[in-house]
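Here is my note on the model, point by point. Please keep the structure open as you read.

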Amino acid sequence: MSRSTARPGVFSALRVRDYRVYWSTGLVSNTGTAMQGVALDWFVLTLTHSGTAVGWAVGLQFAPVLLFGVWGGVLADRCDRRTLLLWTQSLYAAQATLLTVLVLAGHAPLWSVYLLSFGLGCVFTVENPARLSFVTELVGGHLIPNAAGLNILSLNASRLIGPAIAGVLIGAIGTGWVFAVNAVSFAVVIAGLLTIRPKKRPVRVERTPWAGAGAAGLRYVLGRPDLVAVFTVFGLVSTFAVNFPTTLTLFAGRVFDVGSSGLGFMSTALSVGTIAGTLVATRRSSPRVRTVVTGAVLLGVSEAVAALMPGYYAFLALLLPTGFTLMTLNTAVSAFVQTEVSEAMRGRVMAVYTVISMGGAPIGGPVIGWISQHAGARAGLASGAAVAVLAAVAVALRSRRWSVAVPSSGVPSGNRPKAGPPRRRPATTDGPSRDRPASGPRV
């Protein structure tokens, strides 16, 4: 079997030295970021005793993604991505350091926290598309789906480990020092990036005006029926079916009355499922539109069944396949998008991907919360599940590109000017590196 068509091992991409450095340093930084997220929420809550204030602090981190997301992708296309990452990691470190100094000095008014949160979101708007695109310069095309899964694995592992460490450190040394630990984690990433020598990018983006460059990225996505199909399913699922902070909290408090410890076990079960799903998905060599659609259906079904579970332990057990199918879907989407786009448009498409994956939360959260408040937590979870299934079925009925696999050749189908019949690819082709969706230190 050829190298391009063989199914990769779970950790195949880590055999590439530069990617191994990139992934391991990213794991350190992802963990630091997860720690800071918990510490920041706790600090704002103790400062204000207001859940609304906590919501504003979180929302301000995502607002720049919605406002400027596409133009962050333009920078990722126009600039040297390694240099861009060095700058953004330095800005992340500066933000965490300033937050550390203000908190430890006892002079951190709420407005300063809000301002730093918004600044963090602005840096993320540039950094995330660059991170998502940079992997194409580190691994070969046949390893992109595997690298995509490993990056999501890094993110999920950090989300499982980071909050637990933060909870211990907040009680032991205080929130200020947790911010300091996060600042140091960026130094690890910067040191790793300085040792990496990426491959030369084969395409230079055309120097069109900024407004035109951003609009060109959107036109490119809209002109690709396969990307529209994938983004439609992924966007609706991200908006309505993935509201676990809301639904699990309500199940713990109002349905099963198991308190914060029970909620912790729910989160752990979901995380274990996501990690298992990611490990399995890293072995997929050729995600398709059909893979994304199937993943959305399975996620919706597992959520719907979980919503019907009469007891806590049965519900807990169903969270394992729910997390598994969620990560199967997420990994398929990121691998498909990263390998199916033109190199000249990669950063902008990754920016659209970022906006879709995060931008629906301000819409879906309140909607599912309202349904849960008036019809019960089970109805809220089931509603999100229904949206996932209906979106997948609707896209499946309209899609004509189910049979299009992620290309293993050096010229992705994203470079084709029109969506025509799929080309037959040589079985032995192993083209230059393509892309994966790194979950950078910030997601």
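**Notes on a predicted model**

1. **The span of H15.** Start with helix H15, residues 377–398, in this predicted model. H15 has 22 residues, and at 1.5 Å a residue the helix should span 32 Å. The C-alpha atoms at its ends are 32 Å apart, so expectation and model agree.

2. **The two sides of H15.** Which residues of H15 are buried? They are Ala377, Gly380, Leu381, Gly384, Ala385, Ala388, Ala391, Ala392 and Val395. Look down the axis of H15: these buried residues fall within an arc of 135°, so they line one face of the helix. Now turn to the face directed away from that buried side. Exposed residues Leu390, Leu397 and Arg398 sit there.

3. **A stacked ring pair.** The structure has 9 aromatic pairs. Take Phe234 and Tyr353. Their ring centres are 5.4 Å apart and their planes meet at 10°; an angle under 30 degrees counts as stacked, so this pair is stacked. Phe234 belongs to helix H8 (residues 225–241) and Tyr353 to helix H13 (residues 346–359). The two are 119 residues apart, so the pair links distant parts of the chain. Phe234 and Tyr353 are both buried.

4. **An edge-to-face pair.** Phe256 and Tyr312 also form an aromatic pair, but this one is edge-to-face. The distance is 5.9 Å centre to centre, with 70° between the planes. Where do the partners lie? Phe256 is in the loop between helix H9 (244–255) and helix H10 (259–281), while Tyr312 is in helix H12 (residues 312–339). The pair therefore ties together parts that are 56 residues apart in sequence.

5. **Burial of that pair, and its cluster.** Are Phe256 and Tyr312 buried or exposed? Phe256 has 14% relative accessibility, so it counts as buried. Tyr312 has a relative accessible area of 13%, so Tyr312 is buried too. Ring pairs also join Phe256 and Tyr312 with Phe251, Tyr313 and Phe315 in a cluster.

6. **The largest nonpolar core.** This core holds 54 residues. Val237, Met266, Phe315, Val333, Val337 and Val349 have the most contacts inside it. At least two residues of this core come from each of helix H7 (210–222), H8, H9, H10, helix H11 (289–308), H12, H13 and H15. H12 gives the largest share, with 12 residues.

7. **Val337 and a separate core.** What does Val337 touch, leaving aside neighbours within four places in sequence? Its contacts are Leu227, Val230, Phe231, Val349, Met350 and Tyr353. Apart from the largest core lies another, of 26 residues. Leu85, Val126, Ala130 and Leu153 are among its members.

8. **Gly121 in H4.** Gly121 lies in helix H4, residues 110–134. Its relative accessible area is 1%, so Gly121 is buried. Gly121 and Val65 are 56 residues apart in sequence, yet 6.8 Å apart in space, C-alpha to C-alpha. Gly121 also touches Gln61 and Pro64, if residues up to four places away in sequence are not counted.

9. **Cysteines.** How many disulfides are there? The count is 0, with a disulfide taken as two cysteine sulfur atoms within 2.5 Å. Cys79 counts as partly exposed, because its relative accessibility is 26%. Cys122 is partly exposed as well, at 27%.

Key
Residues are numbered from 1 along each chain as its sequence is written. This is a predicted model: local features need pLDDT of at least 70, side-chain atom pairs count only at pLDDT 80 or more; totals for chains, interfaces and linings use all residues. Side-chain values use heavy atoms; hydrogens and water are left out. Buried means under 20% relative accessible area, exposed over 50%, partly exposed in between (1.4 Å probe, protein chains only). Helices (H or I, at least four residues) and strands (E, at least two) are DSSP runs, numbered from the N terminus. The expected span of a helix is 1.5 Å times one less than its number of residues. The arc is that of the directions from the helix axis to the C-beta atoms. Rings of Phe, Tyr and Trp (its six-membered ring) pair if their centres lie within 6.5 Å; planes under 30 degrees apart count as stacked, over 60 as edge-to-face and the rest as tilted. Contact means heavy atoms within 4.5 Å. A nonpolar core is a set of buried Ala, Val, Leu, Ile, Met, Phe, Trp, Tyr and Cys residues joined through side-chain atoms within 4.5 Å.
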